[in-house]
Amino acid sequence: MKAIRRFTVRPVLPEPLRALSDLARNLRWSWHAGTRDLFRSVDPERWAAAGGDPVRLLGSVPGERLAALAGDRDFLDRLAAVAGDLDAYMTGDRWYQRQSGRLPAAVAYFSPEFGITAALPQYSGGLGILAGDHLKAASDLGAPLIGVGLLYRHGYFRQSLSRDGWQQEHYPVLDPHELPLDQLKEADGAPAQISLALPGDRSLRARVWVAQVGRIPLLLLDSDIEENDLIERGVTDRLYGGGSEHRLLQEMLLGIGGVRAVRTYCRLTGHAAPEVFHTNEGHAGFLGLERMAELRAEGLDFDAALEAVRAGTVFTTHTPVPAGIDRFDRELVARHFGPHAELPDLEVDRILRLGMETYPGGEPNLFNMAVMGLRLAQRANGVSLLHGQVSREMFAGLWPGFDPEEVPITSVTNGVHAPTWVAPEVYRLGARQIGTQRAEEALSVGDSDRWDSVADIPDQDIWDLRRSLRELLVLEVRERLRASWRQRGAGSAELGWIDGVLDPDVLTIGFARRVPSYKRLTLMLRDRDRLMDLLLHPDRPVQIVVAGKAHPADDGGKRLIQELVRFADDPRVRHRIVFLPDYGMAMAQKLYPGCDIWLNNPLRPLEACGTSGMKAALNGGLNLSVLDGWWDEWFQPDFGWAIPTADGVGTDADRRDDIEAAALYDLLEQRVTRAFYERGRSGLPDRWIEMVRRTLSLLGPKVLAGRMVREYVERLYTPAAHAHRAMSADAARELAEWKATVRGAWHGVTVDHVETSVASATAELGSTLALRVRVGLGSLRPEDVEVQAVAGRVDEEDHITDAAAVPLKPVGTPGAGGEWVYEGPLSLDRTGPFGYTVRVLPSHRLLASSAELGLLAVPSEAVAEAAGLLMR
Ligand SMILES: *Cc1c(COP(=O)(O)O)cnc(C)c1O
């Protein structure tokens with residue numbers, strides 16, 4: 001019988017146990033082992049049954065057990081200690097409070113998904129887990145972030161397999177009352193409500209749930225409320241589902257509704273208002289429009305509001321894969337804005353222009369969220385050094401005339417939250433070595449000094465640790481595999497073989513990730529015979545654990561999974577290769593530590609960063625990966641192996657796969673398995689252990705989310721907060737007017753004549769050239785521009801490769817047509833082919849980059865020729 005109404009009956013905790021409820025509602029338990037140990041001891045069996053979720057645990061413990069604990073002195077003492085620890089964590093000064101300089105009072109961090117814990121399944125993959133790690137690391141550092149996202153009633157799907165290996169999707173219903181969430185309420189106790197105007201006099205309303213992530217509130221908007229019509233109720237139904245209108249409504253709710261939720265939260269709690277808004281990928285980009293509308297109401301025009309918003313906005317792009325970027329039909333966007341819909345004070349054409357792909361090859365009828373993200377943010381970044389470079393090339397068309405190196409997109413390499421991803425066994429060994437307090441700081445702040453002593457851990461301890469982690473994984477795999485086979489319709493009697501699946505002494509390779517085609521799940525199957533030989537090698541076998549979800553609409557990805565599952569089902573190899581369904585955080589936390597090798601073979605350079613390999617490294621796993629994302633930046637032969645790539649082979653994808661797969665097999669046969677199985681005099685694999693040790697002590701501190709968040713604070717949030725503060729309404733108007741003037745007058749800016757003190761084509765190292773340049777500024781003044789000499793080494797095509805810019809100074813008085821003479825010295829500080837050129841750029845104290853306007857003037861060919869601009 002189906003219930004007509006559903007309630008959640010919450011347990012009433014006896015007074016002495018009240019603190020348990022606070023501990024359960026602050027998600028810090030998800031990265032604090034002491035808190036989890038306390039909950040486990042409430043009722044170990046129910047803890048396991050609740051999947052390690054304290055809210056579910058407390059909902060299931062019988063009253064008698066609670067009464068007994070309420071009288072248990074020992075338990076109450078431990079409860080008081082853990083509660084006291086949380087209290088100190090929440091209120092004490094941390095890294096952020098010890099910084100000098102005026103750091104942002106608050107930063108709002110928007111993301112379409114957040115992976116905090118398996119108990120709050122609001123993520124699909126890397127982007128969400130990164131957002132979760134970002135919030136947790138910010139909490140550990142004491143950085144005042146407010147997270148903003150949506151609460152999806154079905155989260156992302158749960159994956160299982162059909163008998164023949166085809167992905168099945170299930171969408172369990174999540175009841176927010178059973179999740180670690182509190183409703184945001186008005187002073188009178190009524191739920192706070194956010195509302196958006198939709199075309200046709202409809203509206204989209206949402207409530208706001210607050211997840212407490214350590215010190216950080218995470219606001220999640222939920223449209224599944226009675227005040228909405230059926231369609232609007234479904235807006236937050238699931239992550240990355242539905243058609244494009246559905247998606248647009250989700251993103252409007254996230255961006256526009258999200259800002260309104262932040263304002264409401266600050267009003268109700270007294271939290272400081274954000275000075276910086278950070279959008280994690282383009283999906284939340286509408287947040288900039290809502291803030292512009294706020295400023296319009298204060299009397300700024302569109303352009304001034306745009307400048308004011310840009311100053312305090314940071315945009316992070318996460319993918320060079322076009323399918324990862326949201327693009328909407330222009331008309332669809334147009335319908336949802338304007339007088340009869342949202343943000344009536346912003347001109348619809350101006351909004352549309354913000355998302356227009358105004359570069360060669362751009363689609364005029366599409367509205368690109370990443371492009372809008374870049375236009376609404378004065379600061380932008382990619383997520384690894386290589387991805388920064390790829391993004392600068394990819395978006396260079398938005399800054400015409402500039403070399404990709406000068407495109408104002410920097411990079412901050414991702415990191416992972418160690419207290420979440422380091423296995424308790426690894427943490428205990430580290431804490432034994434350097435002390436608990438220091439271990440905690442080393443993991444959260446990412447201060448590398450504290451990692452050095454990890455290098456003193458004895459070989460035997462490292463090797464024993466690795467074996468016990470592998471053994472734990474083997475047991476976990478058998479359990480999950482058995483459950484999967486039952487689900488696929490097998491009876492217990494057929495499953496005896498599962499007790500022999502995987503071997504705790506065999507080299508274990510892990511490969512788990514979402515299944516878009518560029519990640520090449522099945523590259524390892526390219527030559528099945530060679531793979532079989534590796535799996536079944538008499539002396540040096542390998543075993544492989546594979547997991548991953550394909551997007552529900554991606555049949556290609558599902559076919560790849562099926563191919564892999566069918567291979568793994570083969571009785572000849574099924575004890576050495578397994579596919580585990582339903583990859584998620586809970587599995588990941590068991591999987592990474594147990595793998596000796598973490599394999600990653602994307603099509604370079606499409607993996608923007610990748611983070612799973614970092615999590616493996618933090619547990620002493622070695623990486624075996626294509627030089628893409630973070631591995632391109634930090635690979636060292638001590639940390640693992642680089643799979644050679646065939647990027648240059650052109651468009652023949654098949655041939656490229658053949659070459660790269662062959663390289664992978666070679667590495668495994670010749671290098672990896674040998675290093676693992678070869679024993680030194682001590683009876684241990686010395687080289688392998690040394691690699692593990694170096695991975696832990698040298699790579700460990702780099703890959704931390706604490707390091708990443710510190711970089712965001714220092715390089716992006718703080719400059720953005722300063723820019724935001726400098727951008728008073730008057731300053732914003734001034735900057736907007738100045739930009740309009742400069743754009744209008746730029747056609748009159750020219751470089752007319754260049755001369756130097758050296759006539760010959762050779763010069764001596766250490767000498768100085770005197771440069772004299774005549775420029776035309778038209779109606780602009782010298783304070784509107786910077787005239788630069790750009791110099792450096794040149795390549796065969798006379799392209800300056802390591803350019804450095806030196807500003808020149810105006811001398812004398814202008815000619816009648818606005819001609820100015822600029823002069824300055826240029827020192828020849830490099831030997832070899834050297835060249836320089838001269839250029840004029842806009843200059844204003846409120847610009848973050850001189851490329852910001854996408855305007856520059858360089859000598860015409862005739863002028864360059866006359867000046868003999870290149871010397872050799
Ligand atoms: C870390 C993580 C990811 C992201 O891994 P990539 O290396 O970026 O593909 C995806 N899913 C889960 C569950 C993770 O923990």
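Here a biologist asks a modeller how some statements about this predicted model are justified.

Biologist: Let's start with the overall layout. What makes up the division of the protein into domains?

Modeller: There are domain 1 (15–91), domain 2 (96–411), domain 3 (449–700) and domain 4 (745–871). Taken over C-alpha atoms, the centres of domain 1 and domain 3 are separated by 36 Å.

Biologist: Now the ligand. Why is the ligand said to lie between domains?

Modeller: Domain 2 (96–411) and domain 3 (449–700) both give residues to the shell around the ligand, so the ligand lies between them.

Biologist: Which residues come nearest to the ligand?

Modeller: The shell has 15 residues, and K519, Y592, T611, S612 and K615 come nearest. To be counted as near, a residue needs a heavy atom within 4 Å of the ligand.

Biologist: What makes the approach of K519 to the ligand a polar contact?

Modeller: The cut-off is 3.5 Å between N or O atoms. A polar side-chain atom of K519 lies 2.8 Å from an oxygen atom of the ligand, so the pair falls within the 3.5 Å limit. S612 passes by that test too, with an N or O atom of its side chain 2.5 Å from a ligand oxygen. For K615, a polar side-chain atom is 2.6 Å from an oxygen atom of the ligand.

Biologist: How much of the ligand does the protein bury?

Modeller: The protein buries 95% of the 380 Å² that the ligand exposes when taken alone.

Biologist: Which elements give two or more residues to the shell around the ligand?

Modeller: Those are α7 (126–141), α22 (585–594) and α23 (612–618). The largest share, three residues, comes from α22. By character, the shell divides into six nonpolar, six polar and three charged residues.

Biologist: Back to K615. Why is K615 called buried?

Modeller: Buried means under 20% relative accessible area. K615 has 4%, so K615 is buried. Its place is in helix α23, and the UniProt annotation "modified residue: N6-(pyridoxal phosphate)lysine", from an unreviewed entry, covers K615.

Biologist: What is the peptide bond that joins R604 and P605?

Modeller: That one is cis, with omega about 0°. Most peptide bonds are trans. P605 is found in the loop between β20 (597–600) and α23.

Biologist: What makes the phi of E281 worth a mention?

Modeller: Most residues other than glycine have a negative phi. E281 is not a glycine, yet its phi is positive, about 75°. You'll find E281 in the loop between β11 (276–280) and α10 (287–297).

Biologist: Is E281 buried or exposed?

Modeller: Its relative accessibility is 4%, so E281 counts as buried.

Biologist: And what is the phi of R520?

Modeller: R520 has a positive phi near 50°, and R520 is a residue other than glycine. R520 sits in the loop between β17 (507–512) and α20 (528–535). With a relative accessible area of 6%, set against the limit of under 20%, R520 is buried.

Biologist: Why is α10 called mostly covered?

Modeller: Count its buried residues: eight of the 11 residues of α10 are buried. Among them are L287, E290, R291 and L295. Just after α10, G299 takes a positive phi of about 100°.

Methods. Residues numbered from 1 in each chain as written. Predicted model: local features only at pLDDT ≥ 70, side-chain atom pairs only at ≥ 80, totals over all residues. Heavy atoms only, no water. Polar contact = N/O pair within 3.5 Å; in protein donor to acceptor, adjacent residues only side chain to side chain. Areas by Shrake-Rupley, 256 points an atom, 1.4 Å probe, with all protein chains shown as cover. Helix = DSSP H or I, 4+ residues; strand = E, 2+ residues; numbered from the N terminus. Nonpolar A, V, L, I, M, F, W, Y, C, P; charged D, E, K, R; others polar. Domains from an automatic or database assignment. Buried < 20%, exposed > 50% of the residue type's maximum accessible area, 1.4 Å probe, protein only. UniProt positions renumbered as here; feature names shortened; annotations may be inferred.
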